[in-house]
Amino acid sequence: MSATTTTTETGPITAQNILSLFPEIDTTSVALEGHDEEQIRLMDEVCIVLDENDKPIGTASKKLCHLMTNIDKGLLHRAFSVFLFDDQNRLLLQQRASEKITFPDMWTNTCCSHPLSIPGETGSDLPESVAGVKRAAQRKLDHELGIKTEQVPFDDFRFLTRIHYKAPSDGKWGEHEIDYILFIKANVDLNINKNEVQDTKYVSPEELKTLFADPKLKFTPWFKLICESMLFEWWSHLDSGIDAYTNEQEIRRM
């Protein structure tokens, strides 16, 4: 956890706030035993804890935010999902590395991660929060896929909507997020971080539907939710009419 890293209209948010809001929170370290050292290190990153209306109420480590014992107590954090398309309107997918602690080996959208409680990535209103997740997206696209910031300019990201969902990974880990959906169209160079990503693939809508029909492949729950509800409609308007789907103010509950 972080001490004092986020500020709202009511003043600084501290780790102690989280313990008072969630007094039964599980802070043990046993859950990480046996996992990859780099992935364990990343579990110390500080996520933004939210109320159900996406207002920051505190901070907690990535580990605490992803333990199902804490998720079941209501712990909710901010996240983002990037959908990157090339000049042929193909979507870049990634297969998560086996070393990942949550949802290992699963296929998903281009990049899924969290804005952190650090300068430039936090926000208490929607415009500030959107700016924060765009900066976080640039950081993680570089970290996971080696995509340099100049190839994914801040102003080229399109914010569509937010989805609030909960999903278990296994009996121990899971997700409970308000997830910001970002689209960007760019031709990029990849330099994959194998500790994060084991494979990538560009797909058309028809090719993605074929992959979904393959029982041997597994997909992250948030990616399936987005695909089953909204993605293909958005995708069909990528070059014409996408503005009608951007900057949605309401949170979609899933």
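Helices (H or I, at least four residues) and strands (E, at least two) are here DSSP runs, numbered from the N terminus. The model is a predicted one, in which local features need pLDDT of at least 70 and side-chain atom pairs count only at pLDDT 80 or more, while totals for chains, interfaces and linings use all residues. Residues are numbered from 1 along each chain as its sequence is written, and side-chain values use heavy atoms, with hydrogens and water left out.

**Exercise 1. Describe the loop between S10 and S11 through Leu 190 and Val 188**.

Solution. Begin with location: Leu 190 lies in the loop between S10 and S11, and Val 188 has its place in the loop between S10 and strand S11 (197-203). Next, apply the burial classes, in which buried means under 20% relative accessible area, exposed over 50% and partly exposed in between, with a 1.4 Å probe and protein chains only. Leu 190, with a relative accessible area of 34%, is partly exposed, whereas Val 188 counts as buried at 13% relative accessibility. Finally, look at partners distant in sequence: Leu 190 and Asp 142 are 48 residues apart along the chain, yet 8.9 Å apart from C-alpha to C-alpha. For Val 188 and Lys 148, 40 residues apart along the chain, the C-alpha separation is 8.1 Å.

**Exercise 2. Characterise helix H5 from its start to the residue just after its end**.

Solution. Take the length before the ends: H5 (residues 126-145) has 20 residues and reaches 27 Å from its first C-alpha to its last, close to the expected 28 Å, where the expected span is 1.5 Å times one less than the number of residues. At the N-terminal end, Asp 125 acts as the cap, with a side-chain oxygen 2.9 Å from the backbone nitrogen of Glu 128. Along the helix, 14 of the 20 residues are buried, and H5 is thus mostly covered. Just after H5, Gly 146 takes a positive phi of about 70°.

**Exercise 3. Find where H7 kinks, and list its buried residues**.

Solution. H7 covers residues 221-236. Its kink, of about 60°, is centred on Met 230; the bend at a residue is the angle between axes fitted to the seven residues ending there and the seven starting there. Met 230 is itself among the buried residues of H7, together with Trp 222, Phe 223, Ile 226, Cys 227, Leu 231, Trp 234 and Trp 235.

**Exercise 4. Which residues other than glycine show a positive phi, among them Asn 89 and Phe 103, and where do they lie?**

Solution. Start from the general expectation: most residues other than glycine have a negative phi. Asn 89, with phi near 65°, lies in the loop between S5 and strand S6 (91-96). Phe 103, with phi of about 55°, is placed in the loop between S6 and strand S7 (107-108). Phe 103 is also buried, at a relative accessible area of 1%.

**Exercise 5. What lies nearest the centre of the largest cavity, and which element supplies the largest share of its lining?**

Solution. A cavity is a set of points, on a 1 Å grid over the protein atoms alone, where a 1.4 Å probe fits but cannot get out, and lining residues have an atom within 4 Å of a point. Of the 23 lining residues, Lys 62, Arg 96, Lys 100, Cys 112 and His 114 lie nearest the centre. S10 gives the largest share, three residues.

Technical notes. A polar contact is a pair of N or O atoms within 3.5 Å; within protein, one must be able to donate a hydrogen and the other to accept it, and residues adjacent in sequence count only if both atoms are side-chain atoms. On a 1 Å grid over the protein atoms alone, a cavity is a set of points where a 1.4 Å probe fits but cannot get out, and a pocket is an open set with protein on both sides within 12 Å along at least five of seven lines; lining residues have an atom within 4 Å of a point.
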